[in-house]
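Colleague: Got a minute to go through this model with me? I'd like to start with the cysteines and then look at the packing.

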Amino acid sequence: MMWQRDCCSSNMEDDVSLKFHQQLLLISENLVTEDVEALKFLCTDLLHLRKLEGVKSALDIFKLLMAQEYLNAEDTFLLAELLYRIKCHSLLEKLGYTKEKVQERLHEKGRVSPYRQMLYELSENITNEMLKEIIFLLQNHLPKRWITLSALDLLILLEKQGLLTKDNVQILEDVCVTVSPDLLETIKCYKKAKGNKAANFTQAFPELNLELRGEFSNVENESKNMTSYKMDGPHRGFCLIINNVNFNSSQRKGSCKDAEQLERVFTWLGLDVRTYTDLTSGDIRSLMQTWQDLQDHEDRNCFVCCILSHGESGAIYGTDEKLVLIRTLMSHFTASQCPQLAAKPKLFFIQACQGNKIQRPVYVDTGAQTSDLSSMQESFPLFESIPEEADFLLSMATVDGYVSFRHIEEGTWYIQALCSKLQLLVPRGEDILSILTQVNEDVARRVSPSGTKKQMPQPAYTFRKKFIFPIPTAPPPSEQHQGF
């Protein structure tokens, strides 16, 4: 009998091992060349560089990790962390993980160093044009016949030459001062976290964590006695609208309809609206600096900024087709950078794509019990641009990685829904988070003419109180318009 049990146990172990290797094979088959290069880079501190240079596929990396006992059937967390870092979230389920589960355990089990995380984030935000500029600035440090394939290749070379280490990132600071202030901000945050001896880079500075888990409040469960932000001052606040329409290679038709709607609605809500059209990346940064330094904020209750443009993950484009990180824009208005707005609500509404993926419809049984929308919101991670300072709201037209939709005459789904719900629900005394939940519902119900494309907005916030617009005495713009 003992032999039979041992045999059974051995068979079970063989089954577990087979399943584990099948999982690895399946994951490997779903990773492209760029993913493999990213995995190699993130494993640089864990595996011998010479062995990594011989890697041709994800399976090669998995074998090296198993040989060093970083990865086995009983403990797959390192692989889950790596997939999470390179944003291959759909593959996590093959290991029995979700984004949220990985996030919860990173502080305890994360193996990718803060230094490596910082370098990888830099590489993700370096555009081809930036890379060319960086190579030009570093030409005296690079081999004359060396051909750069990617930002990761450049970083690895600098490390090999001893010009870049976890304790010395000066060479990166020097080039980023010229090439991109946004990149420099990432390095500064790494140094600050290192100076604070933070155990985890992304724990210490959540604005640098592309997938930081946020606590989205369930508005229905909030205390009825929760206080509200003061909104009874003599001046409501400023509302900036940046409307980028004309780009070098494209035109955002329909965006002017959005801008006009926003102007009417926020003017009706009592804000002093200023609209700026077709700003380059440099113009946008300069504008944010100008408004950061404005002393008039001191007499205002809040600040609103609406940006209508093209975009990528965590960033928006200037009309010169250069990216500006959203977190950089928002950082101008933190309590330390803009004391006049300290403890006051700062609302950012971003209408821009956040990637190239398209959300597809999922058909559900409407008679079946389903989670309410607020619960569904809680499952979304907090977007990379929410600062750790309080009193910010960032409302994105779409979740990270996906496109958003714009009608060339009627404007975008998101902005039109936002303006519609503000006009409907502000007079009812609804707070902004309740309103944005209904905006989510409105946009989520929309579908492209082909019936194959959907969109899901994403609000995230660090509000400490409810934000409620005072009810205007005038009728909403939509009713005024109908009266003409």
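**Cysteines and cores**

Modeller: C419 is buried, at 0% relative accessible area; buried means under 20%, exposed over 50% and partly exposed in between, with a 1.4 Å probe and protein chains only. Keep in mind that this is a predicted model, where local features need pLDDT of at least 70, side-chain atom pairs count only at pLDDT 80 or more, and totals for chains, interfaces and linings use all residues. Residues are numbered from 1 along each chain as its sequence is written, and side-chain values use heavy atoms, leaving out hydrogens and water.

Colleague: Which cysteine sulfur is closest to that of C419, and why is there no bond?

Modeller: A disulfide is a covalent bond between the sulfur atoms of two cysteines. Here the cut-off for the sulfur pair is within 2.5 Å. The closest sulfur lies 7.9 Å from that of C419, so it is too far for a bond, and it belongs to C306.

Colleague: How many disulfides does a search of the whole structure find?

Modeller: The search covers the whole structure, and its count of disulfides is zero.

Colleague: Which helix gives the most to the largest nonpolar core?

Modeller: That core (buried Ala, Val, Leu, Ile, Met, Phe, Trp, Tyr and Cys joined through side-chain atoms within 4.5 Å) has 64 residues, and L83 and L164 are among those touching the most other members. Helices are DSSP runs of H or I, at least four residues, and strands are E runs of at least two, numbered from the N terminus. With seven residues, the top contributor to this core is the helix at 77-85, α5.

Colleague: How many residues are in the second, separate core?

Modeller: Its members include L262, C302, V443 and F463. The count for this second core is 39 residues.
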